[in-house]
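Subject: Structure handover

Hello,

Here is the structure you are taking over. My notes on what was found in it follow below.

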Amino acid sequence: MSSAPLRSPGPRPHKMKKDESFLGKLGGTLARKKKAKEVSDLQEEGKNAINSPMSPALADVHPGDTLLEENEERTMIDPTSKEDPKFKELVKVLIDWINDVLVEERIIVKQLEEDLYDGQVLQKLLEKLADRKLNVAEVTQSEIGQKQKLQTVLEAVRDVLRPHGRVLQWNVDSIHGKNLVAILHLLVSLAVHFRAPIRLPENVSVQVVVVRKREGLLHSSHITEELTTTTEMIMGRFERDAFDTLFDHAPDKLSVVKKSLITFVNKHLNKLNLEVTELETQFADGVYLVLLMGLLEDYFVPLHNFYLTPDSFDQKVHNVAFAFELMLDGGLKKPKARPEDVVNLDLKSTLRVLYNLFTKYKHLE
C-alpha cells in the first residue's frame, strides 16, 4: 500500500584535482574494481551458503539479503513453505480480515510484507480494533520516521496484548525489514486477542532459513517456526474435554456420536417439517439452533429476533449468539464454543453445543 521509502541521494563525486597523477587515477579504478569484486564474491558466497546441500535452493533470494555485517543475520521463509496450502490459507485469511476491518478507510491490502512494513496500515488496524487513536504522524516517507511510527504502534500493541513476560515474536526492525514470519506472528496475536470472526487454519508452520555471517563467512541453518496451533490453543482454551479425546483417539466413534445427535435434533425439528443430515453445515447459520431452542423450551421465538434467511457472516454470528442466549435462559452453562466457530463450520464446536442440548433435553418427547 505504502510507497517505498525514499533513498537519500548518495554523496556527490568530488572534483578531481588538476595535479592528480595517472597512477592515482589508476589506483582509484583498481580499488573500485576490487570493491566490486568483493561485493560480487560476497553475493555468490551467500547464495552458495544458502543453496548448500542441507537446504533447498532459494531462487528468490535478493542479493541484498547476503550482504551482511559481521555477526549480522537475516531470515527468510523457505520457498517450499510458501507453497504450502495451509500457509497460503493463513495469509489469505489474514489479508481478507484486515481488508474487512479497514473497509471504511478505503484501504486494500494485497501483500502483507509490502503493505504493513511502514506502520501505516498497522496503525489504522489497531485504532479500529482497539477503538483508540494513536498519536503518530499520518504519513511519513523517511526510514527514521517510519521506524518511529512503528515503535509507537508496536508499543500500543504491547499495551493491548499485555504479554505478561511472554516474549513477543516481532520488533520494529523485523516488521520494517518486511520479515513475513514476524508480521504473521503479530497479526495472529491481534486476531486472537480481538476474537476476530475468522477461522485461522490450525497447525501452520514454516521452514525458515537463517543466514549469519561469522569471521567473514556466511553460515546457513534451518529452523521450524510455528505460526498457529490448534483452535483451542489459539483461543486460549487449554482445558480438554471428551470431544478432544474423541477426535484425537477415537475418530471411529465420531460417526456414532453424530448419528445420535442427528436423531435427537430431528426428533424435534421434524415438528416443523425440517430435517438435518449434516451437522457441521446445517447449524452454521444459527437458524436451526434458534428454532431448536424454541421447540425444546416450548415457546415461539419471534422472527424479528433473528435472521430467518441470513446472507452475511455477521447475520449468522448474530443468530448463533442469540441461540446461546436462549440456552443460558434455559439454565444451560455458557457454551464453550464461540458463535464464530460454529459459523465457520468447526465440527467440534458444533458437536459441543448440540451435546449440551442432548444431555439436558434427551428425555423430552
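Asp-298 sits in the loop between helix H13 (287–297) and helix H14 (313–329). The model is a predicted one, and in it the phi of Asp-298 is near 60°, a positive value in a residue other than glycine. Most residues other than glycine have a negative phi. With a relative accessible area of 71%, Asp-298 is exposed, because the cut-off for that class is over 50%.

Asn-203 is also a non-glycine residue with a positive phi, of about 55°. Its place is the loop between helix H8 (180–193) and strand S2 (205–214). Asn-203 has a relative accessible area of 44%, so this residue is classed as partly exposed.

Next, the nonpolar cores. The largest one has 51 residues, and Trp-97, Ile-98 and Leu-112 have the most contacts inside it. Several elements supply at least two residues each to this core: helix H3 (85–101), helix H4 (112–116), helix H5 (120–130), helix H6 (143–161), helix H7 (172–176), H8 and S2. The element that gives the most is H8, with 11 residues.

What does Ile-98 touch, leaving aside residues up to four places away in sequence? Its contacts are Val-109, Leu-112, Leu-116, Val-121, Leu-125 and Leu-187. Another core, of 37 residues, lies apart from the one just described; Val-265, Phe-306, Val-320 and Phe-322 are among its members.

Then the salt bridges. The count comes to 9, and three of the pairs are set out here.

- Lys-178 and Glu-114: the closest N and O atoms of this salt bridge are 3.0 Å apart. Lys-178 lies in the loop between H7 and H8 while Glu-114 is in helix H4, so the pair ties together parts that are 64 residues apart in sequence. Both count as partly exposed, Lys-178 at 30% relative accessibility and Glu-114 at 31%.

- Asp-173 and Lys-147: here the closest N and O atoms are 3.4 Å apart. This pair also links distant parts of the chain, with Asp-173 in helix H7 and Lys-147 in helix H6, 26 residues apart. Asp-173 is exposed, at a relative accessible area of 52%, whereas Lys-147 is partly exposed, at 26%. Glu-143 belongs with them: salt bridges that share partners join Glu-143, Lys-147 and Asp-173 into one network.

- Lys-88 and Glu-83: the closest N and O atoms of this salt bridge are 3.1 Å apart. Why do Lys-88 and Glu-83 fall into separate classes of exposure, given 44% for the one and 53% for the other? The class called exposed begins over 50% relative accessible area, so Glu-83 at 53% counts as exposed. Lys-88, at 44%, is not over that cut-off and therefore counts as partly exposed.

To go through the model on screen, some places to start are these:

- the positive phi of Asn-203 and that of Asp-298;
- Ile-98 with its contacts, including Leu-116 and Leu-187;
- the network of Glu-143, Lys-147 and Asp-173;
- the salt bridge from Lys-178 to Glu-114.

Regards

Methods
Residues numbered from 1 in each chain as written. Predicted model: local features only at pLDDT ≥ 70, side-chain atom pairs only at ≥ 80, totals over all residues. Heavy atoms only, no water. Helix = DSSP H or I, 4+ residues; strand = E, 2+ residues; numbered from the N terminus. Buried < 20%, exposed > 50% of the residue type's maximum accessible area, 1.4 Å probe, protein only. Core = buried A, V, L, I, M, F, W, Y, C linked by side-chain atoms within 4.5 Å. Contact = heavy atoms within 4.5 Å. Salt bridge = Lys/Arg side-chain N within 4 Å of Asp/Glu carboxyl O.
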